[in-house]
Amino acid sequence: MLFPEKLRQLRAASGLKQKEVAKRIGVDIPMYSRFEHGERRPKRDTVVRLAKIFNTDVEELVALWLAFAAINEIGTDKLADKALGFLREELGETPAPAASPAPVAAPAEASEASQVISPYHIEVPVIDQARQNYVKQLGGNPFPQYYLGDALQTLTRVESDSIDCIITSPPYWNLRRYDTESILADHVEEYMSQILSVMGQLHRVLKPSGSLWLNMGDAYHNKELMALPWRMALQMIDRQGWILRNDVVWDKQNSAFDSSSNRLRNTHEFIFHFVKSEDFYYNDEELRIFFNHMAEKKSKEGKTNSGVTGSKYRRNLASSTALSPQEKENAFAELEKVVKMVNDGEIPDFRMFIRSFPGQVLDSKSEKAKSINEKGYYFLLYNKHGIMPGDVWNIPAANSTVDRYNVFPESLCHMMILSTCPEGGIVLDPYCGLGTACKVAYDLHRRSIGIDVNEFYLRKAKETIQQQQLTLF
């Protein structure tokens, strides 16, 4: 266990929240979060203060901090062992005898099981801050900027804490093979390691107020559903400190031909909404407006369970024995006002709740319970911009201009960008393909950066924007 993990463990044991610890050591929440995830190193005196806050051994915590610093400096270097030997000599320690190399089994002797469970090391690229300039280059340019290259390597050119919204769908495991592909993994663990490394870079480049929307397709292997989306989500939460806000079920309404006769057809995928801090941007008003427009809901229709007259609620009130005569009179009067609000287009819809039986008292501090206890009834007025979308999105998959290539439907990107990227903000897709997310960002007056290893896809993405510009004149 090294310093970041120990810090997370100590805070969990203390019951303190990140914002409470951050305030006590004089840093903001995002900075403290970086301490816990190894992205920044606190000063030594800050480590001492942390030890006192968590009531733990100061020397042990400082020693872990020093060990973590050493690993960051030389731990991944090929000469690390040699450097450690020099360090031991300097400290007057006897160098440990070199261990005999373990015999390596011939490939034919290695079982498939041992290959699958073996760890895969992904070389995380060094971040050279002097070369981080993609956002600076973007400036106020409204047109998407596309970069050809591997996602993990190319992301090193994106400045830290600079992106407002990330929308991406990594290549499917073991299902898609095109002319070029950024992830060519034979085993699930290797595939997961590569994706997880990219997610770590995305955590670095995302603003504390930003959001990541991650869509992952699942896969079957030896007749077993691999549960790849949830495996990835849990690793991101446990190992990288992501905060999961929603797991959206994207009901694609259709699916590719499936000849299987012993399992159900797959018509959905998961989309995870992640943030990196509690203080994230979210515009529910824009989301409601777009969602309700997309669902073709007209606010002036004001449909209730029995239409705009509220006749069902009138019958319920008339037959109720739980309300006093005065409560009934008040309820009828307020029902008239609410129905008028619907017909005038002030609200799109409402629901009415009345006391179930005489003497009923709801044991709750909610507004609904308080109203029923005091007045005998409660009106739930829908937001003037419509209802909040649920976590199942019924959006048909889009048709692609490229054979055997899946693309996001634009309406899907609209919902993500409108809700979590402010106007003028920056959208990033590190596996952008044909650039749907970037195209929608452009339509919604957001800037964007797209990365992909396939030059053909990037060329098609640029052509889409160029053709769209011509239609404006």
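In this predicted model, helices α10 and α11 are oblique to each other, because the angle at which they pack, about 50°, falls neither under 35 degrees nor over 145 nor within 65 to 115. Helix α11 comprises residues 228-240, and its axis lies 10 Å from that of α10. The crossing of the two helices is right-handed. On the α10 side the contact is made by V188, E189, Y191, M192, I195, L196, M199, G200 and H203, and on the α11 side by L228, R231, M232, Q235, M236, R239 and Q240. Sorted by class, the residues of this contact comprise 9 that are nonpolar, 4 that are polar and 3 that are charged.

The model also contains an open sheet of 8 strands with mixed pairing, in which the strands follow the order β1-β12-β11-β2-β3-β7-β6-β10. The edges of the sheet are occupied by β1 (145-148) and β10 (392-394), each of which has a single partner strand, so that one side of each is left without a neighbour in the sheet. From one strand to the next, the twist averages 20°. At the β10 edge, this strand pairs with β6 (residues 243-251) in the parallel sense over 3 bridges, and within this region W393 of β10 is the bridge partner of W250.

Helix α10, which spans residues 188-205, packs on the sheet, where it touches β2 (163-168), β3 (206-216) and β11 (426-429). The direction of α10 makes about 155° with that of β3. Helix α10 thus takes part in two packing arrangements, one with the sheet and one with α11.

Conventions. Residues numbered from 1 in each chain as written. Predicted model: local features only at pLDDT ≥ 70, side-chain atom pairs only at ≥ 80, totals over all residues. Heavy atoms only, no water. Pairing = 2+ DSSP bridges. Helix = DSSP H or I, 4+ residues; strand = E, 2+ residues; numbered from the N terminus. Axes fitted to C-alpha atoms, helices over the stretch in contact; angles between N-to-C directions. Contact = heavy atoms within 4.5 Å. Left-handed = near helix turned anticlockwise from the far one by under 90°. Nonpolar A, V, L, I, M, F, W, Y, C, P; charged D, E, K, R; others polar.
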